[in-house]
Every structure is written in structure tokens, then in C-alpha cells.
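Q: Please take a close look at one part of this model, the second largest pocket, together with the residues around it. I would like a connected account that begins with the fold as a whole and then works inward.

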Amino acid sequence: MDTPLVWSIEGAREVQALPYVDREYEDPKMRETVQRLIREEMAKMPKKDYLEALPLPDTEFSSPLVALEMDRIDSGLPAVKLDTTRYEPMVPKGAAASRERSWQKSVENCATQLQHARTKVDNLELAVKYGPAAWAASNTNLETAGNILENASKKRRQEIDAVNKSRHADQTEAGGKLGTLKRKYASLTTKVLDVQGACILLEMENEGLREQCKARGIEPATPDENADQTIEAVHGD
């Protein structure tokens, strides 16, 4: 799957925060508030299997013995103990001691153990002769593989640092623009409040003038219903 699994989640591509700009999260109280909101939101989210798009691995075993062992593990059955009696040169006893076949099997078992011991000696001699060179070659291969992985890791860290630097630059620039917009919003909000306050004062003053007119017996002129249209017509000309 070329696309990361996280991108399959709805809204995952939306920018939810600017970590290099939003420093409020460093406050422990704010962090606890955010975590609480996340828990509440997760409790409301519908349950979804995010791995349903990923196929299960192929578990077909080429060896029937391995398949049987895996079935045993799935069934929870205990493992079958290894029979080690064939590795022990046993002397026939009791009624078996009078049978030629029993002694023949014992002799064959002893010959098998002797050949096994000879094979162990041969392997030890081969290890003494070729082991150091094989060990040195193995260490060389491991060092080469380690250097390759270290270089790959270093390259990936550099890529991550480059992404973080780019994000830092972009978010810092966006933070400056957001700060300008916030200040502009605060200024415009203040102006709107000032205008609203002035309108309230004018309405109060107008209401006071109406009361004075009524007290003097003067009927105040009613606003022309077509005043707005007249003004628009004048400005239009």
C-alpha cells in the first residue's frame, strides 16, 4: 500500500494545529483540557475497523508438520515431548535379554551413537580449521550491513529535519499572517463596538429630544419611509 494508512481516515489531511505557532499547549492545564476534549470526541466517534483494507497474510505452510504444529498451538494442546530414548544405549533387561533381536537393536543403537560422536568430532575439527575465517567474514558482513543501515538512518533523519525546518518556516510565516489578521480583527471589532456605542448614545439623545418636543407640544416630524430610496437616488445621480 503506497498511501499511508493514516490518510484513509476522514479529515486526516486537514491542518488541525500549528505546533510551531500554537504555544498554548505547553501549559499543563491547557494540555489536560485538550486531552479531555480528545477523549470526549473519541467516545462519540463510531467504531471503525481501520485495518479492513489490509489483507491478511498468507499463512499456508509448505510443510505439513509445521501446519500440524500451528494447529496444535491454536487448539491450546500441550507440546509433544521429544523421545530421547533412542539416543541412550540401553542394555536389554528381563525377558528382552534372552532375545537376540533385542541385543541386535542395542548394538545398532550403540553404532548410531558412535557415528554421531564421530560426526561431532568432525564438525569440531572443521570449526577449528575454518571457523575463525568464517567468523571474520561474518563480522565483515555485519559491519557492512550496519554501515548501510546507519547511512540509511542518517539520510532519513536528514529528510525528517528538512521537513521539520520547512514546516517551521511555513508555520512561522503563517503565524505572522495570523497575528496580523487577529490584530486587524480586534481593531475592527473595537471600531464596531465604538460605532454601536455611538449609535446607542444618538438614540438616547434622539429619544431625549422627542421627549422635549412632546413636553413643548411640538409634534416631531416622522421619518420619511422613502428616505433611503431618496438618498440612494441622489447618490446615484
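A: Of the contacts in this predicted model between residues at least 6 apart in sequence, 43% join residues at least 24 apart. The fold in which these contacts occur holds 4 helices and 0 strands, and its order along the sequence reads α-α-α-α. Buried residues account for 5% of the 237 residues. The accessible surface amounts to about 21,700 Å², with 59% of that area belonging to carbon and sulfur atoms.

The approach to the pocket may be followed along the chain from helix H2. This helix covers residues 64-75, 12 residues in number, and spans 16 Å from its first C-alpha to its last, close to the 16 Å expected at 1.5 Å a residue. Just after H2 comes Gly76, whose phi is positive, at about 75°. The loop between H2 and H3 contains Lys93. Lys93 is classed as exposed because its relative accessible area, 71%, lies over the 50% cut-off. Between the C-alpha atoms of Lys93 and Trp103 the separation is 9.9 Å, with the two residues 10 apart along the chain.

The second largest pocket itself has a volume of about 200 Å³. One part of its lining consists of Thr85, Arg86, Glu88, Met90, Val91 and Pro92, and the remainder consists of Arg101, Ser102, Lys105, Ser106, Glu108 and Asn109. By class, the lining comprises 5 charged, 4 polar and 3 nonpolar residues. The nonpolar members are Met90, Val91 and Pro92, while the charged members include Arg86, Glu88 and Lys105.

Asn109 deserves separate attention, as a lining residue placed in helix H3, which runs over residues 100-215. Asn109 counts as buried because its relative accessible area of 16% is under the 20% cut-off. Apart from residues up to four places away in sequence, Asn109 touches Arg86, Glu88 and Pro89. Of these partners, Arg86 and Glu88 also appear in the pocket lining.

Gln113 offers a second view of this region from helix H3. Its relative accessibility is 18%, so Gln113 is likewise buried under the 20% cut-off. With neighbours within four places in sequence set aside, Gln113 is in contact with Arg86, Tyr87 and Glu88. Arg86 and Glu88 are therefore partners both of Asn109, buried at 16%, and of Gln113, buried at 18%. In summary, Arg86 and Glu88 take part in the pocket lining and also contact these two residues of helix H3.

How values were computed
Residues are numbered from 1 along each chain as its sequence is written. This is a predicted model: local features need pLDDT of at least 70, side-chain atom pairs count only at pLDDT 80 or more; totals for chains, interfaces and linings use all residues. Side-chain values use heavy atoms; hydrogens and water are left out. Helices (H or I, at least four residues) and strands (E, at least two) are DSSP runs, numbered from the N terminus. The expected span of a helix is 1.5 Å times one less than its number of residues. On a 1 Å grid over the protein atoms alone, a cavity is a set of points where a 1.4 Å probe fits but cannot get out, and a pocket is an open set with protein on both sides within 12 Å along at least five of seven lines; lining residues have an atom within 4 Å of a point. Grid points are joined across faces, edges and corners, and a volume is the space filled by probe spheres set on the points. Buried means under 20% relative accessible area, exposed over 50%, partly exposed in between (1.4 Å probe, protein chains only). Contact means heavy atoms within 4.5 Å. Accessible areas come from the Shrake-Rupley method with a 1.4 Å probe; for residues, only the protein chains shown count as cover.
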